[in-house]
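Reader: I would like a close look at a single part of this model, with the cut-off behind each term spelled out along the way. Please take me through the sheet, strand by strand, in one connected account.

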Amino acid sequence: MRKTQNRDQGSLFPSIENTNPLSVVASPFGSLQDYSAKHGRNVWGCDIGNTMWFVSKNGTFDSKIPLSSFLLLSFCDDGDLVLVENAHMQPQKESGSRSLAQVYLYRDLKNLQARAESRNIEIRLVSHGMTPKMRLAVTGTDRKTDEIDCAVVSSHVLMKGGVAALQRFNPRPAGEWSAKELYAQKVVREMNVTINNQRLFKRSDDESPEGILELKQLYSIFFQLEQGLRRSSIDSQPAADAIKWIVNDVENPALVALWVAVYGKDCRLRAFEWSNRPLGANYIWRYLLGNKPNHFKAGVARSNICYWTFKALVKKEIKNEGKITVNPSDRERAEMLLLRARFRKACFVVMRKMQELVIG
């Protein structure tokens with residue numbers, strides 16, 4: 001069945017009529033066929049549905065493969081590129097509850113890695129949280145099928161940064177954490193205590209509860225932070241958004257979350273224990289505020305940002321009779337994704353401005 005595409009001038013998302021789920025995905029980022037021809041290798045997109053692998057070849061649905069057969073990589077040629085949602089490449093627990101997303105044990109994944117390396121097959125992982133956004137950007141609709149999603153997964157290679165921007169496939173045993181992840185878990189627990197105490201004792205003069213002294217410091221520098229952003233907002237939309245959405249109240253939940261993520265005990269900038277290097281905004285956003293796939297227990301700070309602030313912002317900024325429906329329209333979803341990107345930039349501006357403050 002023929003597919004027609006109509007891109008409105010100036011529109012971020014193309015309008016696509018695609019009644020054939022097996023047809024080539026027409027990405028606004030470019031052509032997978034052109035990418036394959038240019039780089040001399042096929043691009044395979046892989047996703048799991050109903051205990052089977054759905055795989056696409058250069059943007060076109062190719063076949064369904066049993067879980068055991070996927071480990072043999074018999075569907076692709078030597079030197080090919082295989083893209084998989086990262087949720088499916090995490091090791092299954094040896095005992096206890098099993099997940100439908102994690103279908104392999106650690107030893108299975110290591111065997112897959114060795115087989116791929118022996119055949120010069122490159123496996124890269126994409127964020128499973130990005131699939132709905134990519135589906136909308138690539139197809140113009142939010143229609144979900146496993147045949148479409150496996151092709152959507154492969155479109156990540158066409159985005160800015162290309163293959164180099166995608167996560168490498170390097171499996172680790174279930175429950176094994178890197179130094180950065182362990183540090184983040186420790187800090188998140190500390191942040192939970194601080195924010196919860198702030199909620200309980202924010203009007204109290206008693207400075208004994210852990211974290212209240214640090215948050216009272218936020219009250220004292222609020223004006224300094226606001227004025228710094230106002231100076232930046234003259235030629236910066238993210239700074240203007242930050243004032244409007246975050247630095248509009250000293251008790252704004254997102255502001256409190258960002259503050260305790262940037263500053264720790266005694267109002268000192270948080271820094272890695274092994275290098276004393278201050279945390280970067282990207283690390284704070286992904287690891288301490290839980291804005292990454294497999295974010296472990298993201299904690300109260302993530303709730304402050306995603307639920308108490310951003311959810312309310314969506315209802316206010318996106319006009320839908322005052323509420324967001326369970327199944328928003330394509331227009332509403334597109335607007336929400338754009339709003340999320342603006343909100344993220346506003347949060348980054350606030351974090352970096354906080355790091356510039358001189359606290360006496």
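**The sheet and its turns**

Author: Within strand β8, the residue that serves as bridge partner to L125 is Q167. This is a predicted model, in which local features need pLDDT of at least 70 and side-chain atom pairs count only at pLDDT 80 or more, while totals for chains, interfaces and linings use all residues. Residues are numbered from 1 along each chain as its sequence is written, and side-chain values use heavy atoms, with hydrogens and water left out.

L125 and Q167 are bridge partners where β7 (residues 122-126) and β8 run antiparallel, joined by 2 bridges. Strands here are DSSP runs of E with at least two residues, helices are runs of H or I with at least four, and both are numbered from the N terminus; two strands pair if DSSP finds at least two bridges between them. The whole sheet is open and has 6 strands, ordered β5-β4-β3-β6-β7-β8, with mixed pairing. Its edges are β5 (60-66) and β8 (167-168), each of which pairs on one side only.

At the β5 end of that order, β4 and β5 are antiparallel and share 6 bridges, and β3 and β4 are likewise antiparallel over 6 bridges. V55 in β4 links the two pairings, since C46 stands opposite V55 and V55 in turn stands opposite S63 in β5. In a regular strand, side chains alternate between the two faces of the sheet.

Each of these hairpins has its own turn. The hairpin of β4 and β5 leaves 2 residues between the strands, and N58 there takes a positive phi near 55°. The hairpin of β3 and β4 also has 2 residues between its strands, with N50 at a positive phi near 55°, although N50 is not a glycine. N50, in the loop between β3 and β4, counts as exposed because its relative accessibility is 69%, where exposed means over 50%, buried under 20% and partly exposed in between, using a 1.4 Å probe and protein chains only.

L73 also has a positive phi of about 55° without being a glycine, but lies in the loop between α2 (67-70) and β6 and counts as buried, because its relative accessibility is 0%.

Finally, helix α5 (residues 146-154) lies across β3 (43-49), β4 (52-57), β5, β6 (81-85) and β7, and runs at about 140° to β3. Contact means heavy atoms within 4.5 Å; axes are lines fitted to C-alpha atoms, for helices over the stretch in contact, and angles run from 0 to 180 degrees between N-to-C directions.
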